[in-house]
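Me: I would like a close look at a single part of this protein, namely its main nonpolar core and the strands that build it. Please describe that part in detail and then place it in the rest of the chain.

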Amino acid sequence: GGPERAETVQVPDVRGQTEGQARQIIEQSDLTVSRVITVESSQAPGTVIRTEPRNGARLPSGRAVTLHVARAPEPAAETQTTLQTQPAQTRPAVDAPPSMTGASSGAGQAPEMSTWNPNQASPAQTRPQVPAVPQGQSQPTAPSRQQPPVQINTSVAPLQGKVARIRYQVPPLARPLGLRILMNDQTGTKALREQQVQGGEYISMDAPYTGNASVTVILGDQQVWQERYN
């Protein structure tokens with residue numbers, strides 16, 4: 001049993017490390033990092049949540065490991081709280097009509113705001129605009145906050161002639177299933193492989209792509225893995 005043990009290595013525990021630190025530790029353990037999957041998490045963005053296979057598992061020397069790295073969750077709940085505070089923030093302007101009447105920027109707003117009194121019922125006709133904000137119909141902050149990541153990805157699109165390294169291990173199966181590997185890039189969607197596979201089978205292939213690409217693995221009738229390549 002001595003030679004067999006020398007050919008297998010243990011997956012190190014890199015949880016909480018940055019992606020770069022985790023790569024270095026895994027490569028020092030005589031393994032490689034084949035792909036990185038980002039997952040919404042409350043942990044610090046850029047830190048490793050877990051590995052696949054999990055830490056402690058024994059693998060043949062040189063086998064590939066997948067890193068699951070945390071990314072910040074979508075700030076949906078955050079925008080609602082800021083919108084609710086906006087009506088309160090606009091109130092101090094009521095005290096400033098004398099200084100604003102001569103200014104060109106505030107000349108049109110000063111008469112409206114100076115006549116409003118929260119204790120009177122009649123000027124409430126101008127108020128319906130305030131409750132309309134939390135309903136999500138006019139949220140300029142939400143789209144602008146989500147656009148930057150998209151712009152970063154598209155800036156890489158002109159690069160061409162890149163190769164996607166696809167490494168996937170089939171989980172344990174009770175019976176053989178059909179496996180399909182699909183790639184979508186600037187040229188369209190194409191099937192890279194269609195075959196019957198058994199549990200534990202290891203798929204390794206390289207596929208060229210143009211611009212940004214996504215590779216999807218479908219096992220049976222379920223999508224089991226997807227990775228993006230920039």
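Reply:

**The core and its strands**

In this predicted model, the largest nonpolar core consists of 19 residues. Those with the most contacts inside it are I166, Y168, L179, I181 and W225. Five elements give two or more residues each to this core: β6 (162–169), β7 (177–185), β9 (202–209), β10 (213–219) and β11 (222–229). Apart from this core lies another one, of 13 residues, which includes V14, A22, L31 and V33.

I166 is a useful residue from which to begin. Leaving aside its neighbours within four places in sequence, I166 is in contact with I181, L192, I203, S204, M205, D206, A207, V215, W225 and Y229. I181 and W225, two of these partners, are also among the residues with the most contacts inside the core.

**Strand β10**

Is β10 enclosed or open to the outside? Seven of its seven residues are buried, so β10 is largely enclosed by the rest of the structure. A residue is called buried when its relative accessible area is under 20%. Both faces of β10 are covered. On one side the buried residues are A213, V215, V217 and L219, and on the other they are S214, T216 and I218.

The pairing of β10 can be followed strand by strand. β7 and β10 run antiparallel and are joined by six bridges; within β10, S214 is the residue that stands opposite N184. β10 is also joined to β11, again in the antiparallel sense, by seven bridges. Here A213 stands opposite Y229 of β11, and Y229 is one of the residues that I166 contacts. β10 and β11 form a hairpin with two residues between them. G220, in the turn of this hairpin, has a positive phi of about 65°.

**Strand β9 and the loop before it**

β9 has one covered face and one uncovered face. The covered face is formed by I203, M205, A207 and Y209, and the uncovered face by Y202, S204, D206 and P208. Of the covered residues, I203, M205 and A207 are in contact with I166. The contacts of I166 also include S204 and D206, which belong to the uncovered face. β6 and β9 pair in the antiparallel sense over eight bridges, and R165 stands opposite D206 in β9.

Q198 lies in the loop between β8 (188–197) and β9. Q198 is exposed, with a relative accessible area of 51%; the cut-off for this class is over 50%. Not counting residues up to four places away in sequence, Q198 touches V170, L173 and P176. The C-alpha atoms of Q198 and P171 are separated by 8.5 Å, while these two residues are 27 residues apart along the chain.

**Another sheet of the chain**

For context, one may turn to a sheet formed from other strands. This open sheet has three strands in the order β2-β5-β3, with mixed pairing. β2 (32–40) and β3 (48–52) stand at its edges, each with a single partner strand, so one side of each is left without a neighbour in the sheet. Neighbouring strands here are turned by 25° against each other on average, direction ignored. β2 pairs with β5 (residues 64–71) in the parallel sense over eight bridges, and V69 in β5 is the bridge partner of T38.

Two loops that adjoin strands of this sheet also have backbone details to examine. D30 lies in the loop between α2 (19–28) and β2. Its phi is near 70°, a positive value in a residue other than glycine. D30 is partly exposed, with a relative accessible area of 44%. P53 lies in the loop between β3 and β4 (58–60), and the peptide bond from E52 to P53 is cis, with omega near 0°.

**The chain as a whole**

The secondary structure of the protein chain comes to seven helices and eleven strands. Buried residues make up 28% of its 230 residues. Of the contacts with a separation of 6 or more, 64% are between residues 24 or more positions apart. The chain exposes about 14,400 Å², and carbon and sulfur atoms supply 50% of that area.

Methods: Residues numbered from 1 in each chain as written. Predicted model: local features only at pLDDT ≥ 70, side-chain atom pairs only at ≥ 80, totals over all residues. Heavy atoms only, no water. Core = buried A, V, L, I, M, F, W, Y, C linked by side-chain atoms within 4.5 Å. Buried < 20%, exposed > 50% of the residue type's maximum accessible area, 1.4 Å probe, protein only. Helix = DSSP H or I, 4+ residues; strand = E, 2+ residues; numbered from the N terminus. Contact = heavy atoms within 4.5 Å. Pairing = 2+ DSSP bridges. Axes fitted to C-alpha atoms, helices over the stretch in contact; angles between N-to-C directions. Areas by Shrake-Rupley, 256 points an atom, 1.4 Å probe, with all protein chains shown as cover.
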